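Dear colleague,

I am passing on the structure we spoke about, and it follows directly below. My notes on what was found in it come after, and I would be glad if you read them with the model open beside you.

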Amino acid sequence: MSNADAVAQAEQLHREKKYKEVFDFLRPVAEGPGAEDVEILFRYCRAHYDLAQIIKENTDEKKAMMNKALEIVKKMLAISPDHWAPHKWHAIILSGLGDFESQKDKIANAYIIRDEIKRALELAPGDSNSLHMMGRWCFSVAGIGWMARAAASALFGTPPTSTYEEALDYFLQAQTADPNNLRNAVYLGDTYLLLKQKDNAKTWFQKAVALPYGGEVEQDMHNEAQTKLSKI
């Protein structure tokens, strides 16, 4: 099977939410004939991430899966620094590893995550996942408390800054690029709530509930949207 055929097969399995099957299928390819192919490697990285998300608790198994994904990212960056995928997945994996890191490392990585998402968007403008990630970054930074911000100032001089309005703009762009992005729709509802726009928040939670979903992770997001909608 050619690498192009392997990519097509992996994408089909991913669309069907068969994440373990994607992982098992790509492993011999990514560690064999596709070891230098960024199109194979970023999908293998994504497979690690998808399986890690199914693990609800922050266990050693989840951390190991994310660290392996980070190794793949670093390899991709060395092979294809001008391809959008290594930068996008560098941001995603660093963000995911934040659950296992100290506050100092989280703050340091916040700058890297921001810059990597921006680079990914320079190389692939309009990518819905990168736009969503930029929205997530703005959302997270806008919610940083004064103690964490003071710590960032002490460690790095200038702490990262953003607003919920900036997050909203990126989330809206992401939803335009991919109207079926369930996670993004939930974040739109969350952002409108924080901006005290309950009617808009209700609209987006309703849209999230109505979107198609599949797999355990999206089931959880669907349930989350239903719960938040019931509380408005």
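**A buried loop residue**

With a relative accessibility of 16%, Ala124 counts as buried, because the cut-off for that class is under 20%. Please keep in mind that this is a predicted model. Ala124 is found in the loop between helix H6 (103-123) and H7, and its C-alpha atom is separated by 6.0 Å from that of Trp84, although the two residues are 40 residues apart along the chain.

**Helix H10 and its surroundings**

Most of my notes concern helix H10, which covers residues 182-194 and has 13 residues. From its first C-alpha to its last, H10 reaches 19 Å, which is close to the 18 Å expected at 1.5 Å a residue. At the start of this helix, a side-chain oxygen of Asn181 comes to within 3.4 Å of the backbone nitrogen of Arg183, while just after H10 there is Lys196, which takes a positive phi of about 60°.

Ten of the 13 residues of H10 are buried, so the helix is largely enclosed by the rest of the structure. Among these buried residues are Leu182, Asn184, Tyr187, Asp190 and Tyr192, and what covers the buried residues of H10 includes helix H7 (128-142), helix H9 (164-177), helix H11 (198-210) and helix H12 (215-230).

Of these neighbours, H11 can be described in further detail. H10 and H11 pack at an angle of about 165°, with their axes 7 Å apart, which means that H10 is roughly antiparallel to H11. H10 passes H11 in a left-handed crossing, and the residues of H10 that meet H11 include Leu182, Ala185, Val186, Gly189 and Leu193, with Ala201, Trp204, Phe205 and Ala208 among those on the H11 side.

**Helices H3 and H4**

A second pair worth inspecting is formed by helix H3 (residues 38-54) and helix H4 (residues 60-79), which pack at an angle of about 165° with their axes 9 Å apart. H3 is therefore roughly antiparallel to H4, and H3 passes H4 in a left-handed crossing. The contact is made by residues including Val38, Leu41, Phe42, Cys45, His48 and Tyr49 of H3, and by residues including Met65, Met66, Ala69, Ile72, Val73 and Met76 of H4.

With best regards

Key: Residues numbered from 1 in each chain as written. Predicted model: local features only at pLDDT ≥ 70, side-chain atom pairs only at ≥ 80, totals over all residues. Heavy atoms only, no water. Helix = DSSP H or I, 4+ residues; strand = E, 2+ residues; numbered from the N terminus. Expected span 1.5 Å × (residues − 1). Buried < 20%, exposed > 50% of the residue type's maximum accessible area, 1.4 Å probe, protein only. Contact = heavy atoms within 4.5 Å. Polar contact = N/O pair within 3.5 Å; in protein donor to acceptor, adjacent residues only side chain to side chain. Axes fitted to C-alpha atoms, helices over the stretch in contact; angles between N-to-C directions. Parallel < 35°, antiparallel > 145°, perpendicular 65-115°, else oblique. Left-handed = near helix turned anticlockwise from the far one by under 90°.
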